[in-house]
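Trainee: I'd like to go through this one label by label. Could you show me what stands behind each term?

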Amino acid sequence: MPEATLKIAVFGESNVGKSHFGAQLIGRLNAETGVLRMRGAAADLGAFEEVAQSLSSGVPGAHTSAGTYTETLLPVQAADGTAIDLNWPDYAGEQVSQLLQERRVPASWQQRVETADGWILMVRPKHVPLGHDIFSKPLSDLQASRSGGTVECSPQARLVELLQMLVYTSRARTGRSKPALAVLLSCWDELEESQETTPSDVLRKNLPMLADYISNNWSEQRRIVLGLSATGVALFKASPNQDFIYKGAEAMGWVVDADGKHSPDLTLPIARLAASIQS
């Protein structure tokens, strides 16, 4: 009797590179240059067509417009024959903000949250700045800066709260244990880290609250932290990148593995998470 298909879902706030990674991942799968292979045709890849065309022209894809919500199911297979259904969403960032404001996971997210065996959380460290506290600024300065202002949730606290809501939704409705978790630190090229730096080091340095929450709630066997640069370099509309045009977008971008080594195989995060689910 064949083993059950693993289900992996992707989450992330706005501007973390979900669409660019998805388009580049499909390029790798079509070129069959990674550890994963397609095990059948995807029903609809329309959500990535514009991004893929833009990347092939050496420019970034457009941001997802407000109100958009689509899901793309990629049926893939690992080298050991493990079947994986990769659920890739395309939604505007305000949906995450609304989720956190209303304290309610929308119906469009429910099935993805409840059925997943593993989650990929995409985080862009440059967009999650560390706030000041009593260790970095005098207490008097902090108090003065807060008086009369609106107290807002820090970017790190938002990510922790997002994970808490996903965990609660998954457990409350299914009774299952938490899915395995892969934290993918996107746009790694803008961090200017050395080759020896590991993704876990970057997570601990840049997002200590999120790092603590994850380490306290997921065992070492059920969590991984990886880096990602889906395009390898920053792209600009005004000056198309010639390498993308002549080498092909499918040759660009890389992943930083848990040990800090770089790999051009953008399918690695899914393969690593699948192995974590089965551990």
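Mentor: Sure, let's take helix 1, the ring pairs and the core in turn, keeping in mind that this is a predicted model.

Trainee: Why is H20 called buried?

Mentor: The cut-off for buried is under 20% relative accessible area. H20 comes out at 19%, so H20 counts as buried. H20 lies in helix 1, and beyond its neighbours within four places in sequence it is in contact with V51, L55, P60, G61, A230 and T231.

Trainee: What makes helix 1 largely enclosed by the rest of the structure?

Mentor: Of its 14 residues, 12 are buried, so the label follows. Among them are K18, H20, F21 and R28.

Trainee: And how do you know that the span of helix 1 agrees with its number of residues?

Mentor: The rule is 1.5 Å times one less than the number of residues. For the 14 residues of helix 1 (residues 18–31) that gives 20 Å, and the end C-alpha atoms are 20 Å apart, so the two agree. Right after the helix comes E32, with a positive phi near 55°.

Trainee: On to the rings. How many aromatic pairs are there in the whole structure?

Mentor: The search finds 4.

Trainee: Why is the pair of F11 and W109 called tilted?

Mentor: Pairing needs centres within 6.5 Å, and tilted covers planes that are neither under 30 degrees nor over 60 degrees apart. Here the centres are 5.6 Å apart and the planes are at 35°, so tilted it is. F11 is in strand 1 and W109 in helix 4, so the pair ties together parts 98 residues apart in sequence. Both F11 and W109 are buried.

Trainee: Then what makes F21 and W88 edge-to-face?

Mentor: The planes of F21 and W88 are at 70° and the centres 5.1 Å apart. Over 60 degrees counts as edge-to-face, so that is the name for this pair. F21 in helix 1 and W88 in strand 4 are 67 residues apart.

Trainee: How do you know that the charged end of R112 sits over the ring of W109?

Mentor: The distance limit is within 6 Å of the ring centre, with an angle limit of within 35 degrees of the ring normal. R112 is listed as sitting over the ring, 4.8 Å from its centre.

Trainee: Which residues touch the most other members of the largest nonpolar core?

Mentor: F21, I120 and I270, out of 41 residues. Helix 10 gives the most to this core, with 6 residues.

Conventions
Residues are numbered from 1 along each chain as its sequence is written. This is a predicted model: local features need pLDDT of at least 70, side-chain atom pairs count only at pLDDT 80 or more; totals for chains, interfaces and linings use all residues. Side-chain values use heavy atoms; hydrogens and water are left out. A nonpolar core is a set of buried Ala, Val, Leu, Ile, Met, Phe, Trp, Tyr and Cys residues joined through side-chain atoms within 4.5 Å. Buried means under 20% relative accessible area, exposed over 50%, partly exposed in between (1.4 Å probe, protein chains only). Helices (H or I, at least four residues) and strands (E, at least two) are DSSP runs, numbered from the N terminus. Contact means heavy atoms within 4.5 Å. Rings of Phe, Tyr and Trp (its six-membered ring) pair if their centres lie within 6.5 Å; planes under 30 degrees apart count as stacked, over 60 as edge-to-face and the rest as tilted.
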